[in-house]
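Colleague: Could you take me through one part of this protein in close detail? I would like to see how a single strand sits among its neighbours and in the core.

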Amino acid sequence: MSEWLRIAAVDEIPEGTGKEFVAGGRIVAVYHVGGEFQALDGICPHSGGPLGEGKLNGPIVTCPWHGWQFDVTTGRHCLNAKLTQPRFAVKVEGSDIWVEI
Ligand code: FES
């Protein structure tokens with residue numbers, strides 16, 4: 001059963017950046033893109049790299065370990081259409097970001 005967890009304050013994640021969090025026993029990568037927040041499973045499926053530490057270029061995050069790229073708004077891998085990184089629902093209430101884990 002999932003639950004909503006407060007994960008960060010809005011101002012902890014400036015536009016165009018991402019950050020890694022631990023919540024509900026999961027590693028969660030939260031990104032601020034186009035005025036909205038997106039959350040992915042923070043563990044890269046290639047070899048466990050930290051997706052929350054990847055650089056963003058628009059909605060595309062690049063894993064810092066070996067360069068796999070994902071669209072953070074869909075979770076889709078940029079080259080392999082069969083590969084989709086799990087996403088978490090996100091909501092903003094006041095100045096807080098909540099993620100459904
Ligand atoms: S661990 Fe992410 S690209 Fe290799």
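Modeller: Happy to! Two strands count as paired if DSSP finds at least two bridges between them. With that in mind, let us look at strand E3, in what is a predicted model. E3 and E4 are joined by 6 bridges and run antiparallel. In this pairing, alanine 29 stands opposite leucine 40 in E4. The two strands form a hairpin with 2 residues between them, and glycine 34 in that turn has a positive phi of about 60°.

Now to the partner that precedes E3. Strand E2, residues 18–23, is joined to E3 by 6 bridges, and this pair runs antiparallel. Here alanine 23 stands opposite arginine 26 in E3. E2 and E3 also form a hairpin with 2 residues between them, with glycine 24 in the turn showing a positive phi of about 60°.

How covered is E3 itself? Of its 8 residues, 6 are buried, so the strand is mostly covered, where buried means that 20 or more other C-beta atoms lie within 10 Å of a residue's own. That leads us to the core. The largest nonpolar core has 22 residues, and those touching the most other members are Ile7, Val28, Ala29, Val30, Tyr31, Ala39 and Val99. Two or more residues come from each of strand E3 (26–33), strand E4 (36–41) and strand E10 (96–100). E3 gives the most, with 5 residues. In general, nonpolar side chains tend to be buried together in soluble globular proteins.

Tyrosine 31 deserves a look of its own. Beyond its neighbours within four places in sequence, tyrosine 31 is in contact with Gly18, Phe37, Gln38, Leu56, Val61 and Val72.

Two of the other strands to view alongside are E5 and E7. The open sheet of 3 strands has the order E5-E6-E7, with antiparallel pairing. Its edge strands are E5 (55–57) and E7 (69–71), each pairing on one side only. Neighbouring strands of this sheet are turned by 30° against each other on average, direction ignored. Strand E6, residues 60–62, pairs with E7 over 3 bridges, and isoleucine 60 stands opposite aspartate 71 in E7.

Finally, the wider setting. The protein has 10 strands and 0 helices. Its radius of gyration is 12 Å, which agrees with the value near 13 Å for a compact globule of 101 residues. Of those 101 residues, 29% count as buried.

Definitions and conventions
Residues are numbered from 1 along each chain as its sequence is written. This is a predicted model: local features need pLDDT of at least 70, side-chain atom pairs count only at pLDDT 80 or more; totals for chains, interfaces and linings use all residues. Helices (H or I, at least four residues) and strands (E, at least two) are DSSP runs, numbered from the N terminus. Axes are lines fitted to C-alpha atoms, for helices over the stretch in contact, and angles run from 0 to 180 degrees between N-to-C directions. The radius of gyration is taken over C-alpha atoms; the globule rule is 2.2 Å times the number of residues to the power 0.38. A residue is buried if 20 or more other C-beta atoms lie within 10 Å of its own, exposed if 12 or fewer, and partly exposed in between; C-beta atoms are placed from the backbone. A nonpolar core is a set of buried Ala, Val, Leu, Ile, Met, Phe, Trp, Tyr and Cys residues joined through C-beta atoms within 7 Å. Two residues are in contact if their C-beta atoms, placed from the backbone, lie within 7 Å.
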